[in-house]
Amino acid sequence: MKKLLYSQKAAPFVFVLPFILSFAIFWIYPLISTVIMSFQNILPGQVEWIGTRNYERLLKDRVFHQAIKNSFNYMFWTLVMLIPFPMMFAALMDSRLVKAKGVFKGILYLPALTSVVVAGTIFRLMFSELEGSQMNQVLAWFGMEPVKWLKVYTTSYFALVTVACWRWTGVNMLYFLAGLKNIPDELYEAAEIDGASSFGKFRHITFPLLKPTSIYVLTISIYAGLAMFLESFMLWNGNDSPQNIGLTIVGYLYRRGIQRNQMGYASAVGLVLLAIALTINVIQLFMNGSFSRKEDK
Amino acid sequence: MNNSLNFGSQNQIKTSIATILANLFFVVLGFIVIFPFLTIFFASFRPGQELIRYGLSLKIDPANMSINNYVFLFSGTHSYFTWFKNSMVLTLLTVTLTLIVCYFVAYGLTMYDFKGRNLLFFLVIATMMVPFEILMLPLYKQMIDLRLINTTAGVILPRMTAAATIFFYRQYMMGLPKALLDSGRIDGANEYRICVQIMMPIAKPAFAAMAILSSMGAWNDMLWPLLVFRDASKFTLPIGLNTLMTPYGNNYDLLIAGSCFAILPIFIIFIAFQRYFIDGMTAGAVKG
């Protein structure tokens, strides 16, 4: 027995055993159980099979629709802000023009080190509705009246997206910088000989060759955007915001599942989120040609 | 006048203007990024009651500044350092276990050819396709059933095999020569000795990168510990700080000074090991 365990054949299975166990216990099992729960009505000590009724209720649940709209809105603006700009910053940072690259990279990465609590505390105070809060002072410079930032829809999302930009611009820029390292210098040299402009080089070399990195960043951004919860939880100091303007899909899952202990209904919410996230990502990958084998990357 | 020489110096001027503009751009951007840190740093020297009444102001008023908040942080009666200690212990345990387990798994997946290897690697990647936020609910129920709620094990166990960490180790180890394994075997070492005594020292840079990245993740983690821990005596720093967001007593004094102090350990690690941070973080993006 001991001999078998030490053999070259058995060793790899011993090494991967922790993953197999953890995969079975903490991934497959909860995933299946949440699928089953989504067809049940779960009360303490009493479980009732109700078929697709949770999903039917979700179709008519206005608050859920609001949450989906909020999550999409947040995701959309984070994609707009957190892909093109970090890409351009990275291209600029990679050029010969910028000195002290290490210092700049370090500084732009700093916000990613903070926990969502610390970031939330800072921005909650900055965007407070008090006349003396920073953002209202900035408005006052331009002769504008103070705004109740976190009580109005548009300004609330401005605040949420600001937090996201502050935390993730540097990180995404570093992703793009890593991608840029893989583009051979000869391409740029050849383009220079042909008399290409800086913009032309960006448009025809940098942008297309950054595609694998862009797809990676896009994929994780879609997930992070749709699954956002804690940022809103921090800005409104809890899961409740005026007219649910800060409620996200995960926030609604938390409210139903944890706060109200309706595990079945909350499971249905989670699975709808999973379906949405997977669908968007498959479409995105398909449109980007990640599934076609012809393309040589 | 030589025309081409003139052209050259004009180009030089152009380049130096571009250099100034590009650097200026990052100076401004860097300042915008640092600004929130500066405000909370300055705010930590002001009385909390004032923050509640007037908000985070842009003005700096030296007459109103004192180190009272920090005096209270280090000598007052509150749970801050209990949370700090809890976070330390949880971070150390999580990082140690995650790194060892993920290294072994990646080692098995990289160094051996066996049936089902590709399937297993596919499953590792598949776990990344489901956001944790969806699994947290059934996992929470599972932890209650397993009586792991309110325990450190309950926080660590479900997250020990992190797909991204396995992926990183694999990327790193694919570049290592497998001949080392054979020479180890010829010397009579068994498979596990080779893994620990020969290969682990070679994989040190990968350990360094992952140690830093995963300690940052564990130190700042909030959602899952928030669900698992119930007693205030077990709270980690992020959960504890969150409970201070009520305008009573000295809460805000502690919140602001405590937030600044909570950033400190990660800042120090970051400044000391900046290179590894970036290596570990960007590994997935290039060949993903």
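**Exercises on two interfaces**

In this predicted model, the area buried between chain A and chain B is about 8100 Å², and carbon and sulfur atoms give 79% of it.

**Exercise 1.** Determine which three residues of chain A supply the most buried area against chain B, and which helix gives the most residues to that side.

*Solution.* Begin with the extent of the interface, in which 89 residues of chain A are in contact with 91 residues of chain B. Next, take the shares of the area that chain A buries against chain B: A:F15, A:F19 and A:F26 supply 10%, more than any other three residues. Then turn to the elements, where helix α2 (residues 11-37) of chain A gives the most, with 20 residues.

**Exercise 2.** Describe the chemical character of the side of chain A that touches chain B, and the polar pairs across the interface.

*Solution.* Sorting the residues by class gives 65 nonpolar, 21 polar and three charged. Counting pairs between chain A and chain B then yields zero salt bridges, while twelve residue pairs, both at pLDDT 80 or more, are in polar contact.

**Exercise 3.** Characterise the interface between the two assigned domains of chain B.

*Solution.* The assignment gives domain 1 (3-73) and domain 2 (78-287) of chain B, whose centres, taken over C-alpha atoms, are separated by 33 Å. Their contact takes 14 residues from domain 1 and 17 residues from domain 2, and about 1300 Å² is buried between them, 79% of it on carbon and sulfur atoms. Across this interface there are zero salt bridges, but three residue pairs in polar contact, both at pLDDT 80 or more. Finally, the side of domain 1 that touches domain 2 has ten nonpolar, four polar and no charged residues.

Key: Residues are numbered from 1 along each chain as its sequence is written. Chains are lettered from A and ligands numbered from 1 in the order in which they are written. This is a predicted model: local features need pLDDT of at least 70, side-chain atom pairs count only at pLDDT 80 or more; totals for chains, interfaces and linings use all residues. Side-chain values use heavy atoms; hydrogens and water are left out. Contact means heavy atoms within 4.5 Å. Buried area is the accessible area (1.4 Å probe) that two parts lose on being put together, summed over both. A salt bridge is a side-chain nitrogen of Lys or Arg within 4 Å of a carboxyl oxygen of Asp or Glu. A polar contact is a pair of N or O atoms within 3.5 Å; within protein, one must be able to donate a hydrogen and the other to accept it, and residues adjacent in sequence count only if both atoms are side-chain atoms. Helices (H or I, at least four residues) and strands (E, at least two) are DSSP runs, numbered from the N terminus. Ala, Val, Leu, Ile, Met, Phe, Trp, Tyr, Cys and Pro count as nonpolar, Asp, Glu, Lys and Arg as charged, and the others, Gly among them, as polar. Domain bounds come from an automatic or database domain assignment.
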